[in-house]
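Visitor: I'd like to go through this structure with you, piece by piece. Could you start with how far to trust it?

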Amino acid sequence: MSALSEISADVDRLGVGGNNPPEPTPYDAIKAHIDDLYEEAKPWLTGSEVTTEDQAETIKRLKDDFAKAHKAADAARVEENKPFDDGKAAVQAKYAPLISDTKAVRGKTVLAIATLNEALTPYLRRKEAEQAAEAKRLREEAAKKLEEAAQAAREASGDLEAKEAAEELITAATLAANDAKRAETAKVHVRGDGRAQGLKSFWSAKIVDRKAALLHYIQDWPPEIIAAIQTLADQDVRAGKRQVPGIEAVEDRRVA
C-alpha cells in the first residue's frame, strides 16, 4: 500500500468526511493527517523530555508516520504540479531551439549572436590597432612641432617677424596635440540598426604563483577561505581520516 493510500485509510477510519461534506482532496487528507500527527507529537516538539521506553517507541512511531506523510505529500505535490510542469516543459522545448542558452542547447539567436561577435572581433581589433598607431603618429608629430615652436621662440629674440612665426608654430603644435588627443580617446565601433557596438574589456584572473596568491588571500582569513578549508576538512573526516593537521575530528552521536 502506498503512503498516500495509508493516509487516506487513516482519514476514513477517523471519520473525516462525515455528514456528507465534499469529498476531501488529496491535499486535504494529507494536511489533516499531518496536523493530527503534529498535535500528537507536540509534547516532544516543545521540549518535553523522553523518560520511558514507551515514550521513546511512540516518538519512533511518530517519526515513521511523519516520514510516510512527507513522502505522500511530496507525491501529491508532484501529481498536482504535473499539468503545469508538462505545459511549461512543452513551451520550454518549443522555444529552446530559438533562444535557449544552456550547456545542453544553444538557440539559433544565441548561437548566431555569439558567432557574429567572433566574426566582428578581429576586424574591430585591427581598427583599434590602426587607430592606436595613428594616435601615436599624431602625438609624435605634435611633440615635434612643439619642440620646433619652442626652438623658434628661443631664437626669435627681438625679431618681431620671428616671434610671430614662433606663435604660429605654437598654435600649429597645439592643434596637432588636440588632434592626437582626439585620436587617442576616440572609440572604435561599428553601427547597425541599433546602437553602435565596439570592443569591451573582460577581465579575468590567472594564477601564476599559487603560493603567493594563497598567502595574500589568507592574510585576513576571509569567510570564503574558511569555508573552502571547512569543506576539504569535512570531506577528509567523513572519508575516515582522523589525523589532519590543524583539524580536530569531532564525533557527535545523534538520531538521524
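**Confidence and helix packing**

Guide: One stretch deserves caution from the outset: over residues 14-18 the pLDDT stays under 50, and for those residues the model has two contacts beyond four places in sequence. This is a predicted model, and its chain averages a pLDDT of 88, with 91% of the residues scoring at least 70.

Visitor: OK, on to the helices. At what angle do α2 and α3 pack?

Guide: Helix α2, residues 26-45, packs on α3 at an angle of about 155 degrees, and the two axes are 10 Å apart. Because angles over 145 degrees count as roughly antiparallel, α2 is roughly antiparallel to α3. The crossing of α2 past α3 is left-handed.

Visitor: Which residues make that contact?

Guide: On the α2 side they are I30, H33, I34, L37, Y38, E40, A41 and W44, while α3 contributes Q55, T58, I59, R61, L62, D65, F66, A69, A72, A73 and A76. By residue class, the contact of α2 with α3 divides into 13 nonpolar, three polar and three charged.

Visitor: And α3 with α4, parallel or antiparallel?

Guide: Those helices pack at an angle of about 15 degrees, with axes 4 Å apart, and α3 and α4 are therefore roughly parallel to each other. The residues that meet are P97, L98 and I99 from α3 and K108, T109 and V110 from α4. Sorted by class, the residues of this contact come to four nonpolar, one polar and one charged.

Visitor: What about α4 and α5, how far apart are their axes?

Guide: Their axes are 8 Å apart, and helix α4 (residues 108-156) packs against helix α5 (residues 160-185) at an angle of about 165 degrees. The pair is therefore roughly antiparallel, and α4 passes α5 in a left-handed crossing. The contact of α4 with α5 has 18 nonpolar residues, one polar and seven charged.

Visitor: Switching to single residues: where does D86 sit?

Guide: D86 belongs to helix α3, which covers residues 53-99. Its relative accessibility is 40%, so D86 counts as partly exposed. From the C-alpha atom of D86 to that of G198, 112 residues away along the chain, the separation is 42 Å.

Visitor: And I113, is that one buried or exposed?

Guide: I113, a residue of helix α4, counts as exposed because its relative accessibility is 53%, and the cut-off for that class is over 50%. Between I113 and N81 there are 35 Å in space, C-alpha to C-alpha, with the two residues 32 apart in sequence.

Visitor: Back to the backbone for a second. Which residue has a positive phi although it is not a glycine?

Guide: That is W221, with a positive phi of about 45 degrees. As background, most residues other than glycine have a negative phi.

Visitor: Where is W221 found, and why does it count as partly exposed?

Guide: W221 is in the loop between α6, residues 210-217, and α7, residues 223-238. It counts as partly exposed because its relative accessibility is 46%, and that class runs between the 20% and 50% limits.

Visitor: Remind me, where was pLDDT under 50 again?

Guide: That was over residues 14-18, whereas the chain as a whole averages a pLDDT of 88.

Methods
Residues numbered from 1 in each chain as written. Predicted model: local features only at pLDDT ≥ 70, side-chain atom pairs only at ≥ 80, totals over all residues. Heavy atoms only, no water. pLDDT = per-residue confidence, 0-100. Contact = heavy atoms within 4.5 Å. Helix = DSSP H or I, 4+ residues; strand = E, 2+ residues; numbered from the N terminus. Buried < 20%, exposed > 50% of the residue type's maximum accessible area, 1.4 Å probe, protein only. Axes fitted to C-alpha atoms, helices over the stretch in contact; angles between N-to-C directions. Parallel < 35°, antiparallel > 145°, perpendicular 65-115°, else oblique. Left-handed = near helix turned anticlockwise from the far one by under 90°. Nonpolar A, V, L, I, M, F, W, Y, C, P; charged D, E, K, R; others polar.
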